[in-house]
Every structure is written in structure tokens, then in C-alpha cells.
Amino acid sequence: MAMTTETKDADAGASGTSGASGARAHRRRAARKPKRTGRRLTAALLLICLLATGGGLLIATSQLQDGADPNNKALTDAGATGNVAGDVGNAVARIFTYTPDTLDTTRQDAKELLRGEAAEQYDRLFARLAPRVAEQQISLTTNVIRTGVVDLTDTTAHVLLFLDQTSERKGGKPSTAAAQLSVTAEQHGGTWQITKIKAR
Amino acid sequence: MPRAITPTRTALALTAAAATAAIWGGTSWYAAANDDSAAFAKSRDEVLAAGEQGVQNLQTLDYRDIDDGLATWESSATGDLLTELKGGRADFEKQVKSAKSVTTAKVLSGAVTELDDRAGKASVMVAVRITVDTAKEKPGSKESRILGELTRTDDGWKLSALSEAPVESATGAGQ
């Protein structure tokens with residue numbers, strides 16, 4: 001009993017406080033110290049865990065999305081894919097189908113369906129073709145055999161088309177040839193217009 | 001009164017930031033894992049890559065290195081196409097060796113036309129330029145249009161059918 005009291009007093013004296021209340025305060029501080037370290041450790045661990053979780057999940061996310069272009073809506077948006085394939089297929093069939101009598105209509109259609117480089121290209125082709133079509137009474141029918149959308153955004157699409165083209169001179173036998181086209185199309189005001197045509 | 005920056009406050013801020021990062025990571029992951037269109041887009045791109053590579057492989061053969069060439073053919077194929085290739089292999093080898101033909105292919109463009117991700121079936125169309133060089137004739141190239149069907153295997157997407165899109169006459173009858 002006496003030993004304890006002496007120790008207390010000695011401690012109190014060393015820490016510069018006096019009396020029993022000072023000793024109690026010191027004991028509280030001494031007891032709190034490890035507790036606070038424990039809390040800090042917990043906080044640090046929590047922080048590390050949270051950061052690791054966040055980082056890990058973000059890596060997992062990028063792996064899930066790996067390899068796919070998120071902007072390419074070809075096939076993922078079935079409606080839009082069908083629309084562009086249909087519009088471009090119809091346009092190609094229309095601009096490459098004519099008889100000597102419907103040549104003007106075809107040209108008018110082409111003005112609506114083509115734009116930019118494709119329009120210029122078509123004009124040049126048409127200027128060369130028109131006299132021969134009239135003279136030799138040539139007709140051409142283009143059937144779209146298959147259409148595939150290579151890539152598609154809200155405004156631009158690349159489309160691959162396999163065509164059968166049957167040409168016929170008046171009095172001659174029709175002959176059919178295969179053709180493959182890569183077409184670039186742009187959407188303007190809800191309709192797709194062809195801006196580039198490349199034979200494959 | 002300005003608040004002092006205490007270690008406690010710093011720790012709290014850090015923890016809040018880390019928690020935000022974790023939640024953000026979680027929601028992104030959840031969205032991606034449950035985003036069917038992202039998974040579908042990934043399959044679409046895999047199908048196109050496998051289809052184009054497969055078409056190129058199956059249109060490439062050098063009589064001087066026929067074993068490797070045909071091994072590549074078989075590794076690009078599955079199902080009916082693989083059975084067909086294996087069945088015709090002996091005859092085909094003879095033909096290629098006697099003609100001394102070297103065939104190369106360049107894919108010009110390709111697109112996926114159908115994809116059933118669940119069933120593991122897909123269709124592609126590929127425009128390709130094939131160049132054939134034989135002992136007798138000068139090398140000649142022609143553009144060809146190929147239709148392929150793919151099936152998902154444990155080893156990725158592989159071609160299960162391959163054909164040239166036929167040309168049909170205007171009357172609908174084959175030429």
C-alpha cells in the first residue's frame with residue numbers, strides 16, 4: 001500500500017504535476033497512447049484496402065471492356081445497323097441501276113443520295129457513261145447480295161457491299177459480274193448519304 | 001475561425017477520397033460486367049479479327065512449305081470445314097505440289113453480318129485479293145468475295161464454313 005503511493009508520488013513529481021489528480025491524468029494519457037496508434041493503424045489499413053479495391057475494380061473494368069471500341073455500334077445497336085445497311089444498300093442499287101429511258105431519274109436520285117467525293121466521282125463517271133448508254137442502249141441492274149456494317153457511329157458508317165451487276169446491250173445477252181464496294185456514309189438530317197465509294 | 005489542418009482531418013479526407021475511388025471502381029465494374037452491349041461488342045471484334053485472319057490463312061499456301069501451310073489451315077478451322085479440310089488434304093497436297101503453286105491473300109475489307117453471342121455462332125463477309133503464282137503461268141491476282149461462318153471454340157472463334165459468294169444472273173438462275 002505504501003509502496004504504491006510512493007511510486008505514484010514519484011511519477012507525479014517527475015512529470016511536473018502534483019497531487020493524486022495529476023497522477024490519474026498521466027495514467028489516462030499513457031493508456032490512450034497505444035489506443036490512438038491502433039486507430040491510426042486501422043485507418044491506414046482501411047485506406048489501403050479502399051485504394052486497392054478501387055484500383056482493382058478499375059483494372060477489372062478495363063479488362064471487361066478490353067479490345068472493343070466502345071464507339072462502334074455496328075451490330076450492338078441492331079436498329080441503327082439495320083437502318084444504315086438498308087439505306088446504303090438501297091442507295092447503291094439505285095445509283096447503279098438504269099436503262100436508257102431512266103438515266104435522268106437515276107442521276108436525280110444520285111444527287112440526293114451522294115455527297116462530297118462520291119458525288120464528284122459519280123458525276124465524272126456519268127459524264128463518260130451517258131452518251132454510250134444512249135447510243136448502245138445499255139441497261140444496268142445492280143442487286144445487293146450482302147451488306148455488312150464495318151463500323152458505325154451516330155454520324156458516320158463504313159459499309160461493305162457485295163453486288164451482282166447485270167448489264168445488257170439492246171439485242172445482246174445479259175451478262176452478270178461480281179463487284180465489291182467499300183462505302184463511307186454520313187448521316188445528315190436523319191438520312192444516310194454516301195460520301196465515298198471504293199471498288200474492292 | 002480558420003480550421004487547423006490536423007492529422008485526423010487529413011486522415012478523414014484521405015479515407016473519404018479512397019472510399020470514393022472504391023465506390024467509383026465498383027460502379028464502373030458493375031456497369032461493365034452487366035453491360036451486354038460491351039461484351040457483345042468485344043465478341044463482334046473478336047469474330048471479325050478471327051474471320052479476316054482465317055480467310056487470309058485459308059487462302060495462303062506455298063507448295064514449298066505445304067505442311068506448315070496446311071497446319072495453319074487446320075488451326076483456323078473447326079466443325080464441318082475442318083472435317084472437309086482433313087478429308088481432302090492428301091489429294092490437295094498432290095495438286096498443289098504438281099502445280100508448284102504459291103497462293104497469297106490480302107484482306108481488303110471485312111464485316112460481321114450476324115452474331116449470336118450466346119450460341120457462339122457468327123457470319124462474316126470478307127473482300128479479299130488472291131494472288132496465285134504457278135510454275136506454268138504468270139502470277140495473276142483476282143478480287144474475291146468470301147462468306148464465312150464462325151463457331152466459338154475453347155481456343156477462340158474459328159471458321160466452320162467458307163465459300164465464295166456466288167454470282168447470280170438477273171433471272172435468278174446460277175450462271
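What follows is a short walk through chain A of this structure, from its overall build to its interface with chain B and then to one residue in a strand.

Let me say at the outset that this is a predicted model, and I would ask you to keep that in mind while we look at the picture together.

I will begin with the build of chain A, where the secondary structure consists of 5 helices and 4 strands. If you follow the chain from its N terminus, the elements come in the order α-α-α-α-α-β-β-β-β, with the helices written ahead of the strands. Chain A has 200 residues, and 30% of them count as buried. As for its surface, the accessible area of chain A is about 12100 Å², and carbon and sulfur atoms account for 54% of that area. When we take the contacts within chain A between residues at least 6 apart in sequence, we find that 53% of them join residues at least 24 apart.

Now to the interface with the second chain. Here 41 residues of chain A are in contact with 43 residues of chain B, and the area buried between the two chains is about 3300 Å², with 69% of it given by carbon and sulfur atoms.

Which side chains meet in a salt bridge between chain A and chain B? They are those of D164(A) and R145(B), with a distance of 2.5 Å from N to O, and the count of salt bridges between these two chains is 1. Besides this, 5 residue pairs are found in polar contact across the interface, with both residues of each pair at pLDDT 80 or more.

Which parts of chain A supply this side? The elements that give two or more residues to it are α2, spanning 19-65, together with the strands β1 (138-152), β2 (156-169) and β3 (175-188). Of these, α2(A) provides the largest share, with 13 residues. Sorted by class, the side of chain A that touches chain B holds 21 nonpolar, 14 polar and 6 charged residues.

I would like to finish with a single residue, T176(A), which lies in strand β3 of chain A. Is T176(A) buried or exposed? Its relative accessibility is 12%, and because a residue under 20% is classed as buried, T176(A) counts as buried. The side chain of T176(A) also has a partner within chain A, since a polar contact of 2.9 Å joins it to the side chain of T166(A).

Key:
Residues numbered from 1 in each chain as written. Chains lettered and ligands numbered in written order. Predicted model: local features only at pLDDT ≥ 70, side-chain atom pairs only at ≥ 80, totals over all residues. Heavy atoms only, no water. Buried < 20%, exposed > 50% of the residue type's maximum accessible area, 1.4 Å probe, protein only. Contact = heavy atoms within 4.5 Å. Areas by Shrake-Rupley, 256 points an atom, 1.4 Å probe, with all protein chains shown as cover. Buried area = accessible area lost by both parts, 1.4 Å probe. Salt bridge = Lys/Arg side-chain N within 4 Å of Asp/Glu carboxyl O. Polar contact = N/O pair within 3.5 Å; in protein donor to acceptor, adjacent residues only side chain to side chain. Nonpolar A, V, L, I, M, F, W, Y, C, P; charged D, E, K, R; others polar.
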